[in-house]
Amino acid sequence: MNQGMYVQSTAAIDGVRAALVAFQTEASQGLASALNEARRFADWLKHEQLAYWKHELRRREELVAEAKSDLHRCLSATIDPRRTPSCLQEKKLLAAAKRRLEEAEQKLAAVRRWIPLIDQAITEFTARCEPLSTYLTSGVSNSLAELDRSLAQIAAYLAAAPPRSASAEPGAPS
C-alpha cells in the first residue's frame with residue numbers, strides 16, 4: 001500500500017529546524033556556564049579561601065601569643081607576694097583566642113580537604129558532559145544538514161510537481 005505524499009508547506013520542518021538551532025545554542029551556553037561556574041568555584045576555593053584561612057591562622061596565632069603574654073604580665077604583676085592575682089579577664093581572652101585559633105585550623109583543614117574533592121567532581125562532571133558536548137557540536141550540525149537536504153528535496157518536489165486540482169487531493173471524491 002504505497003501512498004503518495006501531499007506537501008503544501010515546509011513550515012513544520014522549518015519550525016523543527018529552528019527549535020533544534022535554539023536547543024543547540026541554549027544547551028551549549030548552559031553547559032559552558034555550568035562548567036565555568038564549577039571552575040570558578042574551584043578557583044575561589046584554591047586561591048581565595050585557602051589564602052584567607054592561612055592568613056587567619058597566622059593572625060589568630062598572633063592573637064593567642066598576645067593573650068598569653070597579657071596573662072603572663074598579669075600573673076607576674078603581683079604587688080603582694082602572698083596573693084596571686086586572678087587575671088580572670090586575661091584567662092577568658094586567652095581561651096577565646098584559642099577557640100578562634102582552633103576554628104581557623106579546622107576551616108583551613110576543611111578547605112584543603114575539599115580542594116581535591118571538588119577537582120575530582122569537576123573532572124567527573126566534565127567527562128559525563130562530554131557526550132552531550134560532542135552531540136551539540138557535531139550531532140546537531142549533522143541533523144541540521146539532514147534537515148536542510150530534506151527541505152531542498154521537498155522544495156525541488158514542490159517546484160516540479162504539477163499543481164493539483166481540488167478533485168485530485170487525497171480524500172477528495174473522484
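## Glu56 and its network

At 6% relative accessibility, Glu56 counts as buried, because the cut-off for burial is under 20%. The model is a predicted one. Glu56 nevertheless carries a charge partner: Arg59 forms a salt bridge with Glu56. Their closest N and O atoms are 3.0 Å apart. Both residues sit in helix 1, 3 residues apart, so about one helical turn separates them. Arg59 is partly exposed, because its relative accessibility is 36%.

The pair belongs to a wider set. Glu56, Arg59, Arg60 and Glu103 are linked in a network of salt bridges. Glu103 lies in helix 2. Its relative accessible area is 33%, so Glu103 counts as partly exposed. Glu103 and Glu56 are 47 residues apart in sequence. In space, their C-alpha atoms are 9.8 Å apart.

## Other salt bridges

How many salt bridges does the structure hold? The count is 8. One of them joins Asp148 and Arg17, with the closest N and O atoms 2.6 Å apart. This pair links distant parts of the chain. Asp148 is in helix 2 and Arg17 is in helix 1, with their positions 131 residues apart in sequence. Asp148 has 32% relative accessibility, so it is classed as partly exposed. Arg17, at 25%, is also classed as partly exposed.

A local case is found in helix 2. Glu146 forms a salt bridge with Arg149, and the closest N and O atoms are 2.6 Å apart. The two residues are 3 apart in helix 2, which means a separation of about one helical turn. Glu146 counts as partly exposed at 42% relative accessibility. Arg149 counts as partly exposed at 45%.

## The negative patch

Which residues gather in a patch of negative charge on the surface? They are Glu61, Glu62, Glu66, Glu102 and Glu105. Two helices contribute: helix 1 (11–76) and helix 2 (88–160) each supply at least two residues. Helix 1 gives the most, with 3 residues.

Glu105 is a member placed in helix 2. Is Glu105 buried, partly exposed or exposed? Its relative accessibility is 40%, so Glu105 counts as partly exposed. Patch members need over 30% relative accessible area and no salt bridge. Glu105, at 40%, is therefore above that area cut-off.

## The nonpolar patch

A second surface patch is nonpolar. Phe23, Leu132 and Tyr135 form it. Together they have about 260 Å² of accessible area.

Leu132 is found in helix 2. With a relative accessible area of 37%, Leu132 is partly exposed. The area cut-off for patch members is over 30%, so Leu132 at 37% passes it.

## Aromatic pairs

A search of the whole structure finds 2 aromatic pairs. One of them is Tyr52 with Trp53. A pair of aromatic rings is described by the distance of the centres and the angle of the planes. For Tyr52 and Trp53, the centres are 4.9 Å apart and the planes are at 85 degrees. The pair is edge-to-face, because planes over 60 degrees apart fall in that class.

What is the burial state of each partner, Tyr52 and Trp53? Trp53 is buried, with a relative accessible area of 11%. Tyr52 is partly exposed, at 39% relative accessibility.

## A contact across the sequence

Leu117 lies in helix 2. At 48% relative accessibility, Leu117 is partly exposed. The cut-off for exposed is over 50%, so Leu117 at 48% does not reach it.

How far apart are Leu117 and Ala42 in sequence and in space? In sequence, 75 residues separate them. In space, the distance is 9.8 Å, C-alpha to C-alpha.

Conventions
Residues are numbered from 1 along each chain as its sequence is written. This is a predicted model: local features need pLDDT of at least 70, side-chain atom pairs count only at pLDDT 80 or more; totals for chains, interfaces and linings use all residues. Side-chain values use heavy atoms; hydrogens and water are left out. Patches are made of residues with over 30% relative accessible area and no salt bridge: like charges are joined within 9 Å, nonpolar side chains (Val, Leu, Ile, Met, Phe, Trp, Tyr) within 5 Å. Accessible areas come from the Shrake-Rupley method with a 1.4 Å probe; for residues, only the protein chains shown count as cover. A salt bridge is a side-chain nitrogen of Lys or Arg within 4 Å of a carboxyl oxygen of Asp or Glu. Lys and Arg count as positive and Asp and Glu as negative; His and the chain ends are not counted. The place of a charge is taken as NZ of Lys, CZ of Arg, CG of Asp or CD of Glu. Helices (H or I, at least four residues) and strands (E, at least two) are DSSP runs, numbered from the N terminus. Buried means under 20% relative accessible area, exposed over 50%, partly exposed in between (1.4 Å probe, protein chains only). Rings of Phe, Tyr and Trp (its six-membered ring) pair if their centres lie within 6.5 Å; planes under 30 degrees apart count as stacked, over 60 as edge-to-face and the rest as tilted.
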